[in-house]
Structure formats: C-alpha cells, structure tokens
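This report walks through a single protein model, beginning with its interior and ending with the confidence of the prediction. Please keep the sequence and the structure in view while reading.

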Amino acid sequence: SDNCMNNKVKLNKILGNYDFIPKSFTCNKKNYTHYKNIFNNNKVYIIKPESEFARRGMVIVNNFNDLEKHIKSYNSQNWVFQQYITNPLLYKNKKFHLRPYILVIKKNNRIYAYVHKICFMYLANKDFTLKNFDFDHHMTGAKYCNVHDYKDFINYFGQDKFNFVWKQIKNIVNVSVSQFNTFKYFNSPNNKTAFHLFAYDI
C-alpha cells in the first residue's frame, strides 16, 4: 500500500527520528546483508515486512543467520528492522500494549485530533522472557491475546503512572497527526470535511 499508515517503510521515514520510535533500519532483499553487525552487544530486533499487518511476516531475532533465513523465506521485498525493547513495562509479568482511539477531522483545511481516554490493554499470552522469542511470550494483539480495560492498568500501576503514560500518548498523537498532515495524507476532495478513526497500538 502507498498509504504511509499501512506502509512501515514510509512510516519509518516520516517518524523514525522521534524518540518514541525504536532505532530502526529499512532495507530490501538486495542490501539486507549490510546490517550483519546490528546484532553486536546482544541486540535483538523485530523484523517487519513493508505492508503486512496482524503479525504476518513478523519475527523477532537475535542473530543474522535467523534474519537472513526469514527474509529469504518471505515474499516481501522491503523490510523494517526495529531494535526490540528488552526491558518493557510488564503487567503481571506479561508484555502489553495500550490501544487508544483517535478521531482525526479535517475541516476547512484544518486538522483536529481527539483522543478517547477510554482505551484497551492487550496482554501477551505468556510471561515475558528473553530465553525465546515466540509470539505467545512477545506479541500482543486483540485477536490473539487477553484484552483488559485501561482501569486495570490504573489499579495495577497507579493513577500517576497512567497520567505519565497518557501524556506521552498525547504527544505521539500530536506529532504523528502533524507529520501525516505535512505529507498530505489527510487530503480530502474539494476541501470538504473528512474524518477517520484510528487505533494506535502503543
């Protein structure tokens, strides 16, 4: 897809310099060997094909041999490598992400973004570990794992932690919506009012 919000290579080019995006590289099947040294110092990377979603084609690796094997076995030409966060915040020993919903409205050439404060929390099926990198321990997503309410986050970590995280979420929304608008991804025909509802997995 040419839509940057579906295309991970384009998305990385637009947002890759911000500190809320892990260290990332983009490559293709012809030049991926240039990145043999990224695994120095026990680095771990999550590998994502350009235009897939819902885990398709994704893998977590800690060595070049596994990286090369995966790229050769998959049909995508272009890839994003992102340094994997090996010390994430854990909910009852499980990796998780939050999913707030963002309503973006374009009206009279102005952009408005609204963040719904009622969000969901998605947990991995098994306790976090670095002994293996299978999906049950490391991947989160509504179709595959346990879904919790944001209030469970507050009950476990406290209101102050939630407020701290929510401030970061709003910053990510402000930056990303602004950048997408700069690259004219919110264009609408004849300058009419348009809107879109986004789910942010953070």
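A nonpolar core is here a set of buried Ala, Val, Leu, Ile, Met, Phe, Trp, Tyr and Cys residues joined through side-chain atoms within 4.5 Å, and a residue is called buried when its relative accessible area is under 20%. The structure described is a predicted model.

**The nonpolar cores**

The largest nonpolar core comprises 21 residues, and those with the most contacts inside it are Phe 96, Leu 98, Met 121, Phe 153 and Tyr 200. At least two residues of this core come from each of β5, β6, α4 (150–157) and α5 (159–182), and α5 gives the most, with eight residues. A second, separate core has 14 residues, among them Tyr 35, Ile 38, Val 61 and Phe 81.

Which residues does Phe 153 contact, once its neighbours within four places in sequence are left aside? The partners of Phe 153 are Leu 89, Phe 96, Leu 98, Met 121, Gly 158, Lys 161, Phe 162 and Val 165.

**Aromatic pairs**

Across the whole structure, a search finds 16 aromatic pairs. One of these joins Tyr 101 and Phe 120, whose ring centres are 6.4 Å apart and whose planes stand at 85°, so the pair is edge-to-face. Because Tyr 101 belongs to strand β5 and Phe 120 to strand β6 (residues 110–123), this pair ties together parts that are 19 residues apart in sequence. Both residues are partly exposed, Tyr 101 with a relative accessible area of 25% and Phe 120 with one of 33%. Ring pairs also link Tyr 91, Phe 96, Tyr 150, Phe 153, Tyr 156, Phe 157, Phe 162 and Trp 166 into a cluster.

**Helix α2 and its two faces**

In helix α2, which spans residues 64–73, the residues Phe 64, Leu 67, His 70 and Ile 71 are buried. Seen down the axis of α2, its buried residues fall within an arc of 130°, so they line one face of the helix. As a general point, an α-helix has 3.6 residues a turn, so residues three or four places apart point the same way. The face of α2 turned away from the buried side carries the exposed residues Asn 65, Lys 69, Lys 72 and Ser 73, while the elements that cover the buried residues include β2, β3 (59–61) and β4. The N-terminal end of α2 is capped by Asn 63, a side-chain oxygen of which lies 3.2 Å from the backbone nitrogen of Asn 65.

**Polar contacts of Asp 201 and Thr 129**

Asp 201 lies in the segment after β8 (194–199) and is partly exposed, with a relative accessible area of 45%. Its C-alpha atom is separated by 9.3 Å from that of Met 121, although the two residues are 80 residues apart along the chain. Leaving aside neighbours within four places in sequence, Asp 201 is in contact with His 97, Leu 98 and Arg 99, and its side chain makes polar contacts with the side chains of His 97 and Arg 99.

Thr 129 lies in the loop between β6 and α3 (135–138). At 17% relative accessibility, Thr 129 counts as buried, because that value is under 20%. When residues up to four places away in sequence are not counted, Thr 129 touches His 137 and His 138. The table gives the side-chain distances for Asp 201 and Thr 129.

| Side chain | Partner | Distance |
|---|---|---|
| Asp 201 | side chain of His 97 | 3.1 Å |
| Asp 201 | side chain of Arg 99 | 2.6 Å |
| Thr 129 | backbone nitrogen of Lys 131 | 3.0 Å |

**Loop residues with positive phi**

Asn 41, in the loop between β1 (24–28) and β2 (45–49), has a phi near 60°, a positive value in a residue other than glycine. Asn 41 is exposed, with a relative accessible area of 67%. Lys 92, which lies in the loop between β4 (78–83) and β5 (96–107), likewise has a positive phi, near 50°.

**Confidence of the prediction**

The protein averages a pLDDT of 82, and 83% of the residues score at least 70. Among the elements of the protein, helix α1 (residues 8–15) has the lowest mean pLDDT, 60, and α4 has the highest, 95. Over residues 1–6 the pLDDT is below 50, and this stretch has 17 contacts in the model beyond near neighbours in sequence.

Terms used
Residues numbered from 1 in each chain as written. Heavy atoms only, no water. Helix = DSSP H or I, 4+ residues; strand = E, 2+ residues; numbered from the N terminus. Buried < 20%, exposed > 50% of the residue type's maximum accessible area, 1.4 Å probe, protein only. Phe/Tyr/Trp six-rings, centres within 6.5 Å; stacked < 30°, edge-to-face > 60°. Contact = heavy atoms within 4.5 Å. Polar contact = N/O pair within 3.5 Å; in protein donor to acceptor, adjacent residues only side chain to side chain. Arc of directions from axis to C-beta. pLDDT = per-residue confidence, 0-100.
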